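Trainee: Could we go through this one together, a piece at a time? I'll ask and you explain.

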Amino acid sequence: MAGTAPAGPVQPAWDELLALFRDEAGERQLLERLLDLWRREHGAKAAGLYLDHSGTLEREAAVGDGLPHVVEAGSTDGLGSLRFPGGRLLFSPPGTLAPQAADRAAASDPLTLLLAASLKSCRLKQELKEQQFQVNYRVVELEALYDVGLAVASTLDLDRLSEEILLRAVSLLDARRGALYLLEDGRYRLDRIFGGEAADWLAADDPGLHAFLAGASEAPASLLPGARYLLGVPIEVESGRRGLLVVGDKESRRGVGPFLTSDRRTLSLFANQAALALENARLHLQALEKERLEREMHLASEIQRQILPKGAPSVPGFDLVGWYRPARQVGGDYYDLFPVRGGRIGLVVGDVSGKGMPAALMVSTLHSALRLLFDHLEFGPLLLERLNRHIVESSASNKFITMLLAEMDPRTGVLHYMNAGHNPGILLRHDGSVDQLGAGGLPLGLMPAARFQSRALTLEPGDLLCIYTDGITEAESQDEEEFGMGRLIDLLRRERHRPLQELVEVIPQIVGEHSQGLPQGDDQTLVLMRRDL
Amino acid sequence: MTETLSVTVDRRDGLAVIYTEGYINNQGGEEIAKVAYKLLEEGYKVLLLNLAGTKIVNSIGISILIEIIEKMLEIDGKLGFCCLTPTIEKTFHIMGLAQYAPIYSDEASAVAQIRA
């Protein structure tokens, strides 16, 4: 454009145009000036330069009144039109140029050619701007994935993470709606939603859902009701599926449309982040739960240790010892040895059904109740009946306790006992014969109106009493053979002369040898009492 | 969380503050543009967009905001943003909006500085 002005009805001020061309901020003024010159050249009232965006003409610059900002390319009736590559020159009135004159004008008129060149320049600038926009937005996407990754690594707040992941996925995919589902009890539960409604639950085994996630079919209608276009991906970790991430209705300036293949990849990347977050949170919760349980078990174990007698009471003329080993950290066996008013001795061995914490809690209840009853009642069926009613009322319906309860008068050697469904106690007489302290009632906790019998026998000098729990007699060998009462009696006979402190260790040792290294399957308890010779 | 955008305006001396509540997407962006262009017709040349009520912006919304910024530049006006979430602020920086429309942390400092 330097130098000589072309001949024609209008003489453009080329210096002015050159100055506008050189001024980066003068682009619009240059276009308007050229349009104005063209309008005057051809006698139009208005003229405008339009870029074609897929059939929609959007105005870049115009002079004069009455030209629309946006018009469909097929709807320019009422306006004159010159086609350029990438757009149009629209003008009014339409009769400014006769149709056959239009082509000649485009071919030969310098102003028209300049306008065509300007439109091409506008088009290139627009394309560059759009490409730059896309490049920048890819950076936004990468930064978003990076930020979410950092958040996943640094926090275990699943609520906040779920929201963050869903919002990022919705915005980056230009979606109108989104939902995050988590797998729970074999179904997908709606955890987070953005925009509109979603089904609260989805069946995990729905073949339609599977096909949709694989990209093979439309989404189930209940997924995001009202959404026309959906995209969904599973949230998966190594150990399996954890949930779903779904978005609906991809936006553009013209409305909504289907998602692209690249969108599936982006959504999958966010789903991976969600998977990591969920797995981290699950493992953390598991670790916390394990820690809590261990703390509770330790506490319960301490409480149990406190409940058990620290040692046997000293009984003139008698030797007395107790021993207990739980199968786990806490157990359901119980024993107690305690002085009772009148110089007598109380002996209890009990076995709560079940193992672990629930059984341990029941032992604690039993201990408190028993001591209280012994303080207030004489030894006899009424004591056990009261205890039974207390157990029935205060424990779960499937819990019961077997118990052998005894009270011995050391002055006479008379032992009164009540057996509520427990293993028969063994009284090895000094002559080697055996009396059994058999059952005189149901286990405690089964029936509120249960009745119990009290029986008595006398310990003679040299007699050895053994009360035990079934963890001793039911300990199995590798061949599943129980140790049994017979073996226990034989063992007592064989070892009867040992000091009781030794005998109470030898018995479980021999039982352990019978089990041939198998882990202890049940709690084991022993109470031994021998009358001195 | 509010998804559909709502817009309110506070007209002050020579400055209008536009408050957004919800998702700046196609619909939300168009709503902001409608309000902004009306304010320009009323003679306001300094606009402040307070996005405290917005947690999410998509690319369509951003492109509309860019158009508003370009329009402001054409008429020698000023547009600023305040109260953005860290995510949105980062996005605006990457997308180049911050080059032409300053971002302020809060409304008070925005109002004090945007007119300068």
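Trainee: What percentage of the residues in chain B is buried?

Mentor: One caveat to begin with: this is a predicted model, where local features need pLDDT of at least 70 and side-chain atom pairs count only at pLDDT 80 or more, while totals for chains, interfaces and linings use all residues. Residues are numbered from 1 along each chain as its sequence is written, with chains lettered from A and ligands numbered from 1 in the order in which they are written. A residue is buried if 20 or more other C-beta atoms, placed from the backbone, lie within 10 Å of its own, exposed if 12 or fewer, and partly exposed in between. For the 116 residues in chain B, the buried part comes to 41%.

Trainee: And in what order do the elements of chain B run?

Mentor: Helices (H or I, at least four residues) and strands (E, at least two) are DSSP runs, numbered from the N terminus. Chain B has 5 helices and 5 strands. Reading from the N terminus on, they go β-β-α-β-α-β-α-α-β-α.

Trainee: Which element gives the largest share of the side of chain B that touches chain A?

Mentor: Contact here is two C-beta atoms, placed from the backbone, within 7 Å. Chain B and chain A each put 16 residues into it. On the chain B side, α2 (59–74) and α3 (86–95) each supply at least two residues. The largest share, 4 residues, belongs to α3(B).

Trainee: Over to chain A. Which strands are the edges of the open sheet β13-β14-β15-β16-β19?

Mentor: Two strands pair if DSSP finds at least two bridges between them. The 5 strands of this sheet pair in the antiparallel sense; for β14 (residues 344–352) and β15 (residues 401–409) of chain A that takes 8 bridges. An edge strand pairs on one side only, and here those are β13 (333–340) and β19 (455–458) of chain A.

Trainee: Which helix packs on that sheet, touching β13, β14 and β15 of chain A?

Mentor: Its direction makes about 155 degrees with that of β14(A); such angles run from 0 to 180 degrees between N-to-C directions, with axes as lines fitted to C-alpha atoms, for helices over the stretch in contact. The helix has 21 residues and reaches 31 Å from its first C-alpha to its last, close to the 30 Å expected at 1.5 Å a residue (1.5 Å times one less than the number of residues). It's α8 (residues 356–376) of chain A.

Trainee: Why do the buried residues of α8(A) line one face of the helix?

Mentor: The buried residues are A:Ala359, A:Ala360, A:Met362, A:Val363, A:Leu366, A:Leu370 and A:Phe374. They pack against α7 (261–307), β13, β14, α9 (381–394) and β15 of chain A, while on the other side A:Ser368, A:Asp375 and A:His376 are exposed. Seen down the axis, taking directions from the helix axis to the C-beta atoms, the buried residues line one face because they fall within an arc of 155 degrees.

Trainee: Next, the open sheet β12-β21-β20-β17-β18 of chain A. Which residue is the bridge partner of A:Leu428 in β20(A)?

Mentor: A:Leu428 sits in strand β17 (residues 425–428) of chain A, where A:Ile426 and A:Leu428 point one way, A:Gly425 and A:Leu427 the other, and all are buried. β17(A) pairs with β20 (residues 464–468) of chain A in the antiparallel sense over 3 bridges. The partner in β20(A) is A:Leu464.

Trainee: Which residue takes a positive phi in the hairpin of β17(A) and β18(A)?

Mentor: These two strands run antiparallel and are joined by 4 bridges. One pair is A:Leu427 with A:Asp435 in β18(A). The hairpin has 5 residues between the strands, and the phi near 95 degrees belongs to A:Gly432.

Trainee: Last one: is A:Arg177 buried or exposed?

Mentor: A:Arg177 has its place in strand β6 (residues 175–184) of chain A. Beyond its neighbours within four places in sequence, its contacts include A:Phe194, A:Leu224 and A:Val247. A:Gly248 is 71 residues apart along the chain, yet the two C-alpha atoms are separated by 5.0 Å. With 22 C-beta neighbours inside 10 Å, A:Arg177 counts as buried.
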